[in-house]
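Have a look at the two chains below and turn the model around a little. We will start at one small spot and then move on to the place where the chains meet.

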Amino acid sequence: MTYPALTPAEQSRYEWQMWVRDFGETGQRRLKAASVLISRIGGVGGTVAMHLATAGVGRLVLAHAGDLRLNDLNRQLLMSTADVGSPRIESAARRLRELNPQVVVETVNENLDVSNVGRYVSQVDLVVSAAPLFVERLAMNRAAVRQRKPLVDCAMYDLEGRLITVRPGRTPCLDCLYPESPPLWKREFPVFGAVASTVASIAAMEVIKLLAGFGKPLENQLLSYDLREMSFQTIAIARRPDCPTCGQLSA
Amino acid sequence: MIELRVQYLAQLRTARGVADESCHLPEGATLAQLLTQLAGTHGAEVAKHLYAAAGVVQPSLMIAVNGTAISVRQSSQTLLRSGDVVTLMPPIAGG
Ligand SMILES: [Zn+2]
């Protein structure tokens, strides 16, 4: 596979990150050729989108229905106070295009569910799962596994963050970890913007590594940290042979 | 008696009010016995994250012993030893 060349403006824009060992111009060209679906564009997904846009991922598809509310703004780095009451996805897209006009930003003013998720996953190379409801995360996971696309699942609660990378057939998927949709999770949760940003930044770097093909992704492990205690740990996780979503898949 | 450490994450940490604590169990105790003891001593808010119904561990609760996830279905066959660290992780989806 050949990757698109960089224009002089791109050479200049990405100069400092192309100094990163094992990434270089080849990595940058791979990012330029790549596309990522992010759902949703909250404190986590919005910050993932910001880092992927500034890093030069060629095409971003952002999914999130509804208007921006004032109580979203403690964790929204892409949106402004003046945007309250307007569709949040448009505010996010506008800011991303300002940050990096070289990147194609597509917006989907709806939330993903079983009826539409397959279509949007089919349009990209990788999926970022950052929805506040398990039903949406699990729908994305099933579509990503079915289409054999990597999925980076990033979540937070209070001062904690968690990251799981799903590489279908090689690592556990979300259905391996949650045999049933978690019944106690509540749509509204305590959140500091700084915590949402940490897990988003870690997820963005994981996405960049996967797309550019360097470094070591988080395989068969779950990253968990608690900024209240300043403790960081990884937990070894395994595929479930009877997983209805990925149990039959081989690497 | 054996002495081990229990780590509470996310909603369990909120419900229990501490990040971790030590816990004593009889020699030969299993992970299931630990969960029963915790649910019996720390009140309904803690118990609901451990058990979906009487005797039924929350299927989506993630449990790790010494940094390795253990299937909830294995909890009555998993023997605990002194010095073990048991991490209890309710699922989170804040985005
Ligand atoms: Zn699976």
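## A walk from one asparagine to the interface

Setting aside neighbours within four places in sequence, Asn116(A) is in contact with Glu110(A) and Asn111(A). Keep in mind as you read that this is a predicted model. One of those two partners, Glu110(A), also makes a polar contact with Asn116(A), side chain to side chain, at 3.2 Å. To find Asn116(A) along the chain, look in the loop that links strand E3 (104-108) to helix H6 (117-121) of chain A.

Is Asn116(A) buried or exposed? Asn116(A) is buried, because its relative accessibility is 3% and the cut-off for buried is under 20%. The same reasoning works for two cysteines of chain A, Cys173(A) with 0% and Cys243(A) with 4%. Here are the three residues together.

| Residue | Relative accessibility | Class |
|---|---|---|
| Asn116(A) | 3% | buried |
| Cys173(A) | 0% | buried |
| Cys243(A) | 4% | buried |

Since cysteines have come up, you may like to know how many disulfides there are: the structure holds zero over all chains.

Now let us move to the place where the chains touch. There, 26 residues of chain B are in contact with 37 residues of chain A. Between them the two chains bury an area of about 2,500 Å², and carbon and sulfur atoms give 59% of that area. Three residues of chain B stand out: Ile92(B), Ala93(B) and Gly95(B) supply 26% of the area that chain B buries against chain A, more than any other three residues.

What about charges and polar groups? The rule finds three salt bridges across the interface of chain B and chain A. One of the residue pairs joined by a salt bridge is Arg73(B) with Asp242(A), whose closest N and O atoms are 3.1 Å apart. Counting polar contacts between the two chains gives eleven residue pairs.

Which parts of chain B form the side that touches chain A? Helix H1 (10-16), helix H3 (44-50), strand E5 (62-65), strand E6 (68-70) and strand E7 (85-89) each supply at least two residues. Of these, H1(B) gives the most, with four residues. Sorted by character, the residues on this side of chain B divide into twelve nonpolar, eleven polar and three charged.

How values were computed. Residues are numbered from 1 along each chain as its sequence is written. Chains are lettered from A and ligands numbered from 1 in the order in which they are written. This is a predicted model: local features need pLDDT of at least 70, side-chain atom pairs count only at pLDDT 80 or more; totals for chains, interfaces and linings use all residues. Side-chain values use heavy atoms; hydrogens and water are left out. Contact means heavy atoms within 4.5 Å. Buried area is the accessible area (1.4 Å probe) that two parts lose on being put together, summed over both. A salt bridge is a side-chain nitrogen of Lys or Arg within 4 Å of a carboxyl oxygen of Asp or Glu. A polar contact is a pair of N or O atoms within 3.5 Å; within protein, one must be able to donate a hydrogen and the other to accept it, and residues adjacent in sequence count only if both atoms are side-chain atoms. Ala, Val, Leu, Ile, Met, Phe, Trp, Tyr, Cys and Pro count as nonpolar, Asp, Glu, Lys and Arg as charged, and the others, Gly among them, as polar. A disulfide is a pair of cysteine sulfur atoms within 2.5 Å. Buried means under 20% relative accessible area, exposed over 50%, partly exposed in between (1.4 Å probe, protein chains only).
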